[in-house]
Structure formats: structure tokens, C-alpha cells
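Hi,

Here is the model I promised to pass on. Have a look at it first, and then read my notes below.

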Amino acid sequence: MNKKNRPIFMNLLQIRMPVVAVLSFAHRVSGVMMCMLIPFLIYLLDLSLRNEQGYAQALDILRHPFVKFMAVLIAWGLAHHMLAGIRFLLIDADIGVERGSARRSAWVINVGGLAVPIIALLVLL
Amino acid sequence: MSWRAHGSRAWLMQRVSAVYLAVYIVMFGLYLLLDAPTSYSAWRTWMGLPFIAVATSIFFAALLMHAWVGLRDVIMDYARPPVIRFILLASVALGLFAMGLWVLRVLMLIPSSLSIVTVASGILPLATLVHPCTA
């Protein structure tokens, strides 16, 4: 079978995703999401350091309801990305490689990553 | 593609930058939690402290490198036709490089005793972005 005729099955709704795959995929999604935020982060830093008005303007942006809503999403992304990242580093160091513990830590992080923005939301409200 | 040949260097860089980013983000979070700036001058003074300014420029260098390796991996996995892949990789590299120059300018304009050398020492690793092989 040559390279071009290889069958490709990419129906994400029908592929059964083990918990570890969900973790890995969410790590990518949150990473790409945060990459798209970098220019906004630099813009806010720029604005806040420019002068008094810029600083006040930056605070106004951060207090905007839409930005607060986005902050909850970002809190999930950052929490999940960092937790999953630490998990990958530990696995590199041969900690938690076993199938059982790898699955358990993936569950904890997938749920824990969701818990962080929910707790943040409860604190904000 | 020749980038593959340097996979292990990218692998290592991704991990080293990850550790730095995690430490910086936790420290910055603690600062906001425990001693949040109350005014423009307090914020500017804090950002202008040599230690913070250098740590922050290294943070952005690490962030942009980390983003480059991560996006590169994603693009190489999903962007099929080589032309599309090349266009995506080139625009991501250009965009990240531009952001590096932007943040360099922002950090250097903080009025303080900060010299060009201190900020540059943090941001300089960004030069590796120009040449994808070293990333």
C-alpha cells in the first residue's frame, strides 16, 4: 500500500478517547489557546506601563465582563496546561509511567483543571 | 524536513522553558495575591526593579520559545500539504519574532536605571527564533 492510499479515520466523535488521550488533547488545545493570547498580554503590559491613563485603561479592560468571562476560560487553560505539563515532566523522570497510575493522574488533572476556574468563579462572584 | 533532525534540542528546550514559565507564573500570581500594586507608579517601579525586569524579559523569551516549539509540533502534526505547512510555520515564526521585538521595546521603555544590556540578556535567546533549526 503506498503512502497516498493509506486509510485515514479521523471522526473524533467515533474514536474512543482514553482519559490519557483527553488529557493530551486538552494540553494542546489549551496551549494553542494561550498562544493566541500572547499579543493581548503584551498589549496590556505595554498599556499599563505607558502612563497613568494607560494604567487606568488597562485596569478597565481587565474589569470588563467579557474579559472576566474569558479569564475563567484562561484559568482552565493555564491550570490544565501547567498540571498536565508537570505530569509530563514527572513521566520523563520515570514517575507515574505505569498504566494504572498514568490513568489515575490523568483523571485527577482533567477534573482538577476544571475545578480551578469553577473555584475562581465562585470566589469572584 | 531538516527540523526533525533537531528534535531532541526542541524537546529539551520545551522542558527547560516550561519549568521557568511555571516558576515565574506562580511567583507573579503570589505577588498579585499578596502585594498587588495599588497605583501606576507602584506598578511601574516594581516592573522597573532590575531583578523583576530581567526575570520578566527571560519570562517572555521562554514564553515565545515555548510557544514556538509547541505550535511547531501542532502544525507539523496536522498541516498536511507541505506548502500550507510552510506558510503556517513561517507566519508563526514571524509573528512570534515580532512579539519579541514588541515586548523588548515595552520593557526597555520602563523609566529606571535599567540598561539595555540587562534587558537584552533576557531577551537575546529570542534570536534562536530566527533560525528554526536551533529551536
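**What I found**

Let me start with H1(B): its 29 residues should span 42 Å at 1.5 Å a residue, and the end C-alpha atoms are 41 Å apart, which agrees. Keep in mind throughout that this is a predicted model.

Staying with that helix, which of its residues are buried? In H1(B) they are Ala10(B), Met13(B), Ser17(B) and Ala18(B). Those buried residues pack against H3 of chain B, and also against H3 of chain A.

**Confidence**

On the scores, the model comes out at ipTM 0.87 and pTM 0.84. Chain B has a mean pLDDT of 85, with 77% of its residues at 70 or more. Within chain B the confidence peaks in H4(B), at 95, and is lowest in helix H6 (residues 127-130), where the mean is 54. I'd keep that in mind when you look at H6(B).

**The two chains, one at a time**

Chain A has four helices and zero strands, so to speak an α-α-α-α run from the N terminus on. Its radius of gyration is 19 Å, well over the 14 Å that the globule rule gives for 125 residues, so chain A is more spread out than a compact globule. The C-alpha trace of chain A spans about 65 × 40 × 30 Å along its principal axes. Of the 125 residues in chain A, 21% are buried. If you take the contacts in chain A with a separation of 6 or more, 74% of them come from residues 24 or more positions apart.

Chain B is built from six helices, again with zero strands, and its elements run α-α-α-α-α-α from the N terminus on. Here 24% of the 135 residues count as buried. For contacts in chain B between residues at least 6 apart in sequence, 76% join residues at least 24 apart.

**Where the chains meet**

How many residues of chain A are in contact with chain B? There are 16 on the chain A side, in contact with 17 residues of chain B. The elements of chain A that give two or more residues to its side are H1, helix H2 (52-63) and helix H3 (65-92). H1(A) gives the most, with eleven residues. By residue type, the chain A side divides into ten nonpolar, three polar and three charged.

**The cores**

The largest nonpolar core has 23 residues, and the ones with the most contacts inside it are Leu64(B), Ala67(B) and Val103(B). Both chains feed into it: the elements giving two or more residues are H1 of chain A plus helix H1 (7-35), helix H3 (50-78) and helix H4 (82-108) of chain B. H3(B) gives the most to this core, with twelve residues. There is also a second, separate core of five residues, which includes Leu23(A), Ala26(A), Ala106(A) and Ile109(A).

**H4 of chain A**

Two of the residues just named, Ala106(A) and Ile109(A), are among the buried residues of H4(A), along with Ser105(A), Gly113(A) and Pro117(A). What covers the buried residues of H4(A) includes H1 and H3 of chain A. Helix H4 (residues 99-124) of chain A has 26 residues and reaches 38 Å from its first C-alpha to its last, close to the 38 Å expected at 1.5 Å a residue.

**Two residues to look at**

Asp94(A) is the one with the odd backbone: its phi is positive, about 70°, although it is not a glycine. You'll find Asp94(A) in the loop between H3 and H4 of chain A. Is Asp94(A) buried or exposed? Asp94(A) has 7 C-beta neighbours inside 10 Å, so it counts as exposed, the cut-off for that being 12 or fewer.

The other is Arg28(A), which lies in helix H1 (residues 19-50) of chain A. Arg28(A) has 17 other C-beta atoms within 10 Å, so it is partly exposed; a buried residue would need 20 or more. From Arg28(A) to Arg99(A) is 71 residues in sequence and 21 Å in space, C-alpha to C-alpha.

Cheers

Note on methods:
Residues are numbered from 1 along each chain as its sequence is written. Chains are lettered from A and ligands numbered from 1 in the order in which they are written. This is a predicted model: local features need pLDDT of at least 70, side-chain atom pairs count only at pLDDT 80 or more; totals for chains, interfaces and linings use all residues. Two residues are in contact if their C-beta atoms, placed from the backbone, lie within 7 Å. Ala, Val, Leu, Ile, Met, Phe, Trp, Tyr, Cys and Pro count as nonpolar, Asp, Glu, Lys and Arg as charged, and the others, Gly among them, as polar. The expected span of a helix is 1.5 Å times one less than its number of residues. A nonpolar core is a set of buried Ala, Val, Leu, Ile, Met, Phe, Trp, Tyr and Cys residues joined through C-beta atoms within 7 Å. The radius of gyration is taken over C-alpha atoms; the globule rule is 2.2 Å times the number of residues to the power 0.38. pLDDT is the predictor's confidence in each residue, from 0 to 100.
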